[in-house]
Amino acid sequence: MRLPTVLATLVLALLGTVAGATDTRPPLQQVFGEASYDARVERIDALLGFAHGLRAAAPEEIHGALQRWAAQSERLRVQEYGRSHQGRPLSVAIVSSPANLARIDVIQRDLQALADPRGTDESRAQALIGTLPAVGYLGHSIHGNETSGADAALGLIFHLIASNDAAVARLLERTVVIIDPQMNPDGRARAVADLRGFASDGANADDQTLARGSSWPFGRGNHYVFDMNRDWIYATQPETRGRIALLRDWHPLLFVDAHEMGAQDTFLMSPPRAPINPHYAPEFLDFARRFSQEQAQAFDQRGWVYYTGEWNEGWYPGYSDAWGGLRGAVNMLYEQARVADTGVRQANGRVLGYAEGVARQLGAAWANVQSLERHATDLQRAFWQDRKRSTAAAGSYGGRLFALPAAAHPSRIAELAALLELQGIEAHRLTRDWRVRGARDGFGRRRDTVLPAGSLLVPNRQPLARLVANLFEFDPRPDPASLQREREELLRTGAGTMYDVTSWNLPMMYGLETYAIESDLPGASEPWPRPSPTPAEATADSAVAWLIPGHDDGATRAAAALLERGLRPRVALKPVEFDGRAHPRGSLLLTRYDHRDLSAATLRDALAAVAPLLAQPALALGSGLGAGDLPDLGGESFGLLQPPSVAVIGRGRIDPQAFGAAWHYLDRSLGLAPSLLAEESTAYADLRRYNVIVLPERWGGESLPPALAAALKSWAEAGGTLVAFGNAAAALAGKDGPMAARTLPASLEDLTPYRAALAREWMAGNDRLAPEAALWSHTAVAGRAGAWPEELAKDAPEVKAMQARDAWQRLFMPQGAFALARCDTRHWLSFGCHEALPVLVDASEPLMAADSVAAPFRLGLYEAEAGAKDEWRSFGWGGFPPGQNLRLRAGGLLWPEAQERLANTAWVTQERVGRGQAILFATSPVFRGASLGMQRVLGNAVVYGPGLGTSALIAP
């Protein structure tokens, strides 16, 4: 219900009667005073139906205002750049002079010329500099429940299009201001529903009331609860993809990211503190400091308090403003205290009202737009010079490229190539084999290699070199002073200073083999081609089966789709060879034998339907006879799959973003349309409808609600596949947890079975057969038995000492770093993995596996060490086999203490539970929707689990 304008003004005035109340004037008046506006442009109050700054405007109200203004002002063009998951329009207000708006195509062409010195000579560049308008992008409320930014955007748009001030008209002649008023309309709709749904008749200044928008999963994320402020380098969401496509054509020199923070705070602005990402252009860091100084002066004039740095560091490149900065913009972050609608009483007794919060966002944006105009020519000159350095052969990005063989994971390579195209990053294809010496791989090894034709090549030397370096460098390292400060804080307080993950490498996220090569592009390369549709395999009436190769992720998606259509595919548990062609384990087979009641046309239609999910078509097999000792089609090496009926548990104490990432992957990538259950009522639901339940990470707490834990265990015992992530997995594997897997702290009282399991796994693939005389001797002789690793038992630490050391090492667990996980290539959960998989590790408790618990993935990759003793060596809870060391850290900050704690622990465990199973992930496999390599393991668990890991089907 909308409040009349008079009543709205009265509410704001009533707030003014509270001791220490906020400035109750409308935001426009607080920033611009008694400005004169064009009467032909409708006022914000009239469009919204309530006073601007009284309360958060709904997405539809904001969109409606833009549409009305577009018809009223010649200074404004509204452009829709996409739609949210829920179908809401994503639009920007492009504000400039009428003359500039009339030649947008020319301006964009000239901006592109300035952005790529390889096709623009110096004389043309100098002619453009100072004559082109400077472009600024101001993005607001990417977190939907941080509402004041969007309302400030309305004020900025109105002021720019309606002001009668000649200075504003001159500013618009020199600039193009792109204002994105609501970057997350789905999340904002959720937040506004809370704000209005819990609103009281009177003003309430308590920041803990439900009216602040506190209903799970909250308004921060989008429909799938993604934090889109961290999505810019991965672009998993349609909102992000639309924005990137829009901004790719504009090359903004100013990039503003307007947020909110805790209600008892003040106002944070750029610049950030160290560590600073090393790939920002130094000149633009200087400009950012200058813009911040000018913004501070504007705040000082109004008596507004603020701060810079403190918790805000400049390391992670995936934030909105960071992404803009790496493309050549002055990146500015705002964080206004979140006061939402009726205001908040702060610790000093003052009530900070929503109108003042909106005004501060508006004042910051106005100061930055003025700085953009003031420094326009200098910014364009610096942009041009930096792009010249980025594309110069002798520059810091010259003589380096990244190469990715394409054959092992063609679908992932295709997704990576599409992402690079979206970002505007140039990629090439190798047209013939290339022998390379001294290439460095993502595991930190230097080696000579032959890159096969078809490999993806990404040269670092290109216009977006700074962004390329961030996406592909294996191991960026913060400055020593920042590392020292991080360690000191960990030791003093137990909490570090790093705000986000310390590694984000794109190929590691995708689980792709990658090489960094000290070379420019070879001659035998061509621009990466546009993808072509995968043709459907012709269905031969004589075929005994059709095979889909299992190395590619498309196999998992195809399996889910075929099962959804009522077909019964099988999966190869071992490598196979049919008709003279070898295929990897995990390959799907659709046999005539399993579908005798179906016609060839029906099978043909099914294969055609899944063809778009595949990188290559299904293959018709003329015979089911395997080569040599390899499996034949009718043998036990082909597991019959069962249709998954999946539920994901949410609400309660489930982390909304972890829930959203799991839901998104199951829904959008696998097409499974999972049921969404509430944690607080799952124990009382009819779980027989599901044969897979996914339990994402939870907020705090070391144990599950007892009723939930009991219900999940009983359900699994009846034949279900339970999949849990992070601390939810740790709760199931804790000291009193219902599963046989254990966390590391719960295992320390007796490490013997875990050390024995580690030894057995190594010896199974590396133990030497006893001499024939000992093997066939009729006499038992000491010393003839196999080599039991006595060092592991002899060197086991005392329990209390081990517990104390574990507590110490826990202090140093990572914020987010890549570790190598070696895969058990005989286990079905590792389909699609060859040697090792980079996995993101964090502060979650490590998992332990022994006896009846399998560990398909363990942290650390064994490798021979020259000069190492031919005996087991203790390390952490376990040890290293004879002659081996352990390659563990792949990228990011992983302190030695954490490495020792994590070494050889299980990233994934799998165990039978009655007729069912439990699959536990030590950390989330669906990190920000971008971890394609880790997601494949989850896909294996969900799609193949009901058929391979259980002995009873719970009927869906």
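The following exchange asks how labels given to parts of this predicted model follow from its values.

User: Why is L840 called buried?
Analyst: Buried means under 20% relative accessible area. L840 has a relative accessible area of 5%. That value is under the cut-off, so L840 counts as buried.

User: Where is L840 found, and how many Å separate its C-alpha atom from that of L54?
Analyst: L840 belongs to strand β33, residues 836–841. Its C-alpha atom and that of L54 are separated by 44 Å. Along the chain, L840 and L54 are 786 residues apart.

User: How do you know that β32 and β33 pair?
Analyst: Pairing needs at least two bridges between two strands. β32 and β33 have six bridges, so they pair. The sense is antiparallel. One of the partnerships puts L820 with P838 in β33.

User: What makes β40 and β35 partners of β32?
Analyst: The rule again asks for at least two bridges. Two bridges join β32 to β40, residues 889–891, so the rule is met. Two bridges also join β32 to β35, residues 853–859, so that pair qualifies too. Both pairings are antiparallel. F818 stands opposite G891 in β40. C823 has F857 in β35 as its bridge partner.

User: Why is β32 called largely enclosed?
Analyst: Strand β32 covers residues 817–823, and seven of the seven are buried, so the rest of the structure largely encloses it. Both faces are covered. On one side, A817, A819, A821 and C823 are buried. On the other, F818, L820 and R822 are buried.

User: What makes β4 largely enclosed?
Analyst: Strand β4 runs over residues 175–180. Six of the six residues are buried, so the strand is largely enclosed by the rest of the structure. T175, V177 and I179 point one way. V176, I178 and D180 point the other way. All are buried.

User: How do you know that β2 and β3 pair with β4, and in which sense does each run?
Analyst: At least two bridges are needed. Three bridges join β2, residues 89–95, to β4, so they pair. Those two strands run antiparallel. Six bridges join β3, residues 134–140, to β4, so they pair as well. Here the strands run parallel. In β4, I178 is the bridge partner of I94, and I179 is that of L138.

User: Why are β16 and β19 called edge strands?
Analyst: The sheet is open, with seven strands in the order β16-β15-β18-β13-β17-β14-β19. β16 (446–451) and β19 (525–527) each pair on one side only. The pairing in this sheet is antiparallel. Neighbouring strands are turned by 40° against each other on average, direction ignored.

User: What makes β15 and β16 a pair?
Analyst: Five bridges join β15, residues 434–441, to β16. The rule needs at least two, so the two strands pair. They run antiparallel. V436 has T449 in β16 as its bridge partner.

User: What makes β25 and β26 the edge strands of the five-strand sheet?
Analyst: This open sheet has the order β25-β20-β24-β21-β26, with antiparallel pairing. β25 (619–621) and β26 (638–640) each pair on one side only. On average, neighbouring strands are turned by 30° against each other, direction ignored.

User: How do you know that β21 and β26 pair?
Analyst: Three bridges link β21, residues 570–572, with β26 in the antiparallel sense. At least two are required, so the pairing holds. A572 has F638 in β26 as its bridge partner.

User: How does the reach of α15 compare with the expected 22 Å?
Analyst: Helix α15, residues 376–391, has 16 residues. From its first C-alpha to its last it reaches 23 Å, close to the 22 Å expected at 1.5 Å a residue. Its buried residues include L379, F383, W384 and R387.

User: What lines the largest cavity, and how do the lining residues divide?
Analyst: The lining is L247, H251, P252, F255, W323, G324, R327, A329 and R387. They divide into five nonpolar, two polar and two charged. Arg counts as charged, so R327 and R387 fall in that class. Gly counts as polar, so G324 falls there.

User: Why does the largest cavity enter the count of eight?
Analyst: The count takes cavities of 30 Å³ or more. About 70 Å³ of space lies in the largest cavity. That meets the cut-off.

Technical notes: Residues numbered from 1 in each chain as written. Predicted model: local features only at pLDDT ≥ 70, side-chain atom pairs only at ≥ 80, totals over all residues. Heavy atoms only, no water. Helix = DSSP H or I, 4+ residues; strand = E, 2+ residues; numbered from the N terminus. Axes fitted to C-alpha atoms, helices over the stretch in contact; angles between N-to-C directions. 1 Å grid on protein atoms, 1.4 Å probe; cavity = no way out; pocket = protein on both sides within 12 Å on 5 of 7 lines; lining within 4 Å. Points joined across faces, edges and corners; volume = space filled by probe spheres on them. Expected span 1.5 Å × (residues − 1). Buried < 20%, exposed > 50% of the residue type's maximum accessible area, 1.4 Å probe, protein only.
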